[in-house]
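Grab a pencil and work through these exercises with the model open beside you. Try each task before you read its solution.

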Amino acid sequence: MIKMIFKQLWNQRRQNGWILLELIVIAFFLFTTSAEVVRGSIDYMLPDGYETENAYLIKLKEGSKFRYARREREIRDSIFQSNFNLLLLTIKNRPEVEAVATVRDDSYPGSGSHNSNGFVSDDTASIRIKASLYMTFIKEGTTDLLKVYGLKDARTGEPLQLAEAKLACPQGIVSAAFARQLFGRTDVIGEKVHLGKKLPEGSNANNYFEIVGVYEGYKRSNFQAPSASTFILTPNSYGRNTSNHVITYRLKKGVDGKAFRERIMSEIAPDFENTPTAIKEILSFEESLEWFNSMLGIYIHYRYTAVMLFFVLLCVFLGMTGTFWVRCRARRQEIGLMRSIGASQATITRQFMTEAWMLVTIGFLIAQPLIIHYIHGLEWNVIDLTAHYWQDSKTWLTLATDALIYILMVLIALLGTWFPVKQASKDLPAEALRDE
Amino acid sequence: MSIIKLTGINKIYRTNEMETQALENVNLEVKKGEFLSIMGPSGCGKSTLLNIIGLLDKATSGTIELCGTEAMTLKDKELAEFRNQRLGFIFQSFHLVNSLNVIDNVELPLLYRNVSAGERTRLAKEVLERVGLSHRMRHMPMQLSGGQCQRVAIARALIGNPDIILADEPTGNLDSKMGAEVMDLLRQLNREDGRTIVMVTHNEEQARTTSRTIRFFDGRQVE
């Protein structure tokens with residue numbers, strides 16, 4: 001049957017040529033509009049790497065009266081530290097709070113700042129990767145980043161627990177992607193990682209850190225794939241500037257986050273108003289991500305892409321179903337003949353559906369060089385930090401998008417064929433044969 | 001023994017405005033091996049009758065028995081099988097599939113019978129040889145004359161080895177020479193293979209060469 005259909009398609013190549021041309025344009029058009037949607041959707045579906053529910057962050061500012069005193073350099077640092085620690089403890093000691101953590105201003109979900117760095121491992125110095133660098137300031141017995149963020153162990157999926165440190169240097173936790181890129185494996189507890197480049201032994205003890213945990217990917221935005229990243233756990237604050245510090249906290253289950261936020265603003269914030277650690281605003285992780293996505297124009301971009309895709313799909317649907325519909329109706333007489341020589345309704349439907357499938361497949365295959373040319377010429381809008389996910393590979397993304405548009409095209413063609421063929425094959429053969 | 005038996009066949013075409021009685025109480029028996037011609041003026045119901053015999057159209061009432069089978073009760077799949085295995089059609093306008101060459105057109109009925117490709121080709125070559133078109137097997141229908149097209153249609157009707165051949169004005173679109181050739185072929189099939197043939201024709205001369213002629217007027221059998 002397939003051989004016969006192929007012969008028929010070939011013998012009518014001139015008429016089918018127009019349909020094939022339409023299918024090639026459709027395949028190319030569909031690919032160009034859906035490739036990014038495919039990638040974006042896969043990125044979105046990847047786990048965030050943190051739990052946004054009940055998690056909040058407090059942004060700080062310098063109180064207005066403190067500005068006059070900040071020139072006093074000697075006292076500035078100690079005033080900042082004492083106020084910062086006091087605010088941290090005040091939040092931590094509230095009964096509604098489960099855990100607090102202090103991080104650098106680029107180290108929370110949805111932060112507008114971003115820092116990336118080069119890293120080398122201790123024994124494979126030739127391999128150098130670029131990864132997002134996050135910083136958390138450990139206040140012994142007070143802060144708990146793992147609990148506030150809800151970081152998960154990459155190997156077990158359970159809440160991450162820090163391994164015991166063996167080296168006299170800062171500790172850090174790395175993402176699974178970081179570990180895979182630098183070491184080729186995720187079992188890297190106890191390994192030493194150098195920032196920037198490996199310096200001679202003893203030259204700078206803070207230039208490297210020991211890995212004490214491996215977490216699942218951590219997303220900067222929930223619409224982006226997680227980058228290879230690391231959190232360096234340091235007891236020292238990064239600089240003395242208020243804008244570099246953020247306090248994050250997780251509330252106990254069942255606590256009303258909004259009410260608690262209002263309580264902080266009315267009960268705690270006034271006490272710190274004239275200090276270097278005045279409370280600027282409190283955001284939930286969701287709000288922070290929302291802000292970040294809006295700032296990057298992600299929502300507008302996806303809305304625009306979705307509208308475009310909708311119109312493309314509508315045009316493709318109408319165009320393709322129309323073509324296949326007309327094609328079937330035009331062959332009503334042939335259907336009558338087929339029935340008169342012994343084809344059942346099911347056989348005719350099957351034959352026409354196979355024919356539609358073959359046409360789509362041929363058109364789709366012919367469109368492939370165009371698609372490959374397009375994807376290779378495309379300026380790839382990914383930073384190399386996230387290039388370890390399969391959807392960031394042009395080859396894999398092409399295959400995934402191709403599979404999707406092929407299924408779509410086949411479904412539309414089959415739908416556009418099924419109705420008219422079913423209708424035409426139900427007609428009495430004598431009537432169909434009279435059709436001119 | 002009757003191979004075709006029609007009893008009380010009526011066919012009424014209904015539209016919103018009117019009803020047209022195309023056939024009225026037709027009773028007909030055709031014996032196995034008979035060559036029956038149906039004659040009558042245009043619009044008298046000859047082709048409608050042939051279509052009903054060939055199960056291409058439905059009678060409004062009456063019963064049809066073909067090869068001992070009550071045909072009115074057959075379901076779509078059974079009908080398809082019956083047409084494929086027991087009936088062969090020859091149409092005035094040939095009804096060849098223009099996108100297939102001669103041999104593929106001839107093979108079509110066997111395709112629906114799931115005969116292997118090799119066997120299909122062998123049988124198609126055999127029947128094309130018989131209708132004198134073995135040298136045109138790879139030609140497209142558009143490259144053939146009317147007479148040759150009708151021979152292809154005859155070959156297609158023959159390939160399934162049917163019990164009954166139904167021909168609707170098979171020479172209607174042909175000149176007299178080609179028409180005569182086609183008639184010779186049909187007579188040969190009837191005489192040598194003993195095939196039952198029912199043919200609609202306007203041509204008195206051709207009708208005289210068949211074993212029996214019936215005449216229709218305004219949907220009624222008059223002779």
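**Exercise 1. In which sense do β5 (residues 171–175) of chain A and β8(A) pair, and over how many bridges?**

Solution. Strand β5 of chain A and β8(A) pair in the antiparallel sense, over four bridges. Two terms first: helices (H or I, at least four residues) and strands (E, at least two) are DSSP runs, numbered from the N terminus, and two strands pair if DSSP finds at least two bridges between them. Find A:Gly172, then look across to A:Ile232 in β8(A), which it stands opposite.

Before going on, a word on what you're looking at: this is a predicted model, where local features need pLDDT of at least 70, side-chain atom pairs count only at pLDDT 80 or more, and totals for chains, interfaces and linings use all residues. Residues are numbered from 1 along each chain as its sequence is written, while chains are lettered from A and ligands numbered from 1 in the order in which they are written.

Next, try strand β4 (residues 128–137) of chain A: six bridges join it to β8(A), and the two run parallel. Here A:Tyr134 stands opposite A:Phe231 in β8(A).

Last step: β8 (residues 229–234) of chain A has five of its six residues buried, so it is largely enclosed by the rest of the structure. (Buried is 20 or more other C-beta atoms within 10 Å of a residue's own, exposed is 12 or fewer, partly exposed is in between; C-beta atoms are placed from the backbone.)

**Exercise 2. Is A:Leu9 buried or partly exposed?**

Solution. Start by locating A:Leu9 in helix α1 (residues 2–11) of chain A. Now count: there are 18 other C-beta atoms within 10 Å, so A:Leu9 is partly exposed. Leaving out residues up to four places away in sequence, A:Leu9 touches A:Asn16, A:Glu355, A:Met358 and A:Leu359. (Contact here means C-beta atoms, placed from the backbone, within 7 Å.)

**Exercise 3. At what angle do α5 and α6 of chain B pack?**

Solution. Helix α5 (residues 146–159) of chain B and helix α6 (residues 176–193) of chain B pack at about 15°, and their axes are 9 Å apart. That makes α5(B) roughly parallel to α6(B). (Axes are lines fitted to C-alpha atoms, for helices over the stretch in contact, with angles from 0 to 180 degrees between N-to-C directions; under 35 degrees is roughly parallel, over 145 roughly antiparallel, 65 to 115 roughly perpendicular and the rest oblique.)

Then list who touches whom: α5(B) offers B:Gly146, B:Gly147, B:Gln150 and B:Ile154, and α6(B) offers B:Met178, B:Glu181, B:Val182 and B:Leu185.

**Exercise 4. Which residues of α2 of chain B are buried, and what covers them?**

Solution. In helix α2 (residues 76–86) of chain B, pick out B:Ala80, B:Arg83, B:Asn84 and B:Arg86: these are buried. Their cover includes α10 (332–340) of chain A, along with β4 (61–66), β6 (87–90), α3 (102–111) and β7 (164–168) of chain B.

**Exercise 5. What do B:Phe94 and B:His95 have in their backbone angles?**

Solution. Check phi: B:Phe94 has a positive value of about 65° although it is not a glycine. B:His95, also not a glycine, has a positive phi of about 50°. For the place, B:Phe94 is in the loop between β6 and α3 of chain B, and so is B:His95. Finally, B:Phe94 is buried, with 22 other C-beta atoms within 10 Å, and B:His95 is buried with 21.

Conventions:
Two residues are in contact if their C-beta atoms, placed from the backbone, lie within 7 Å.
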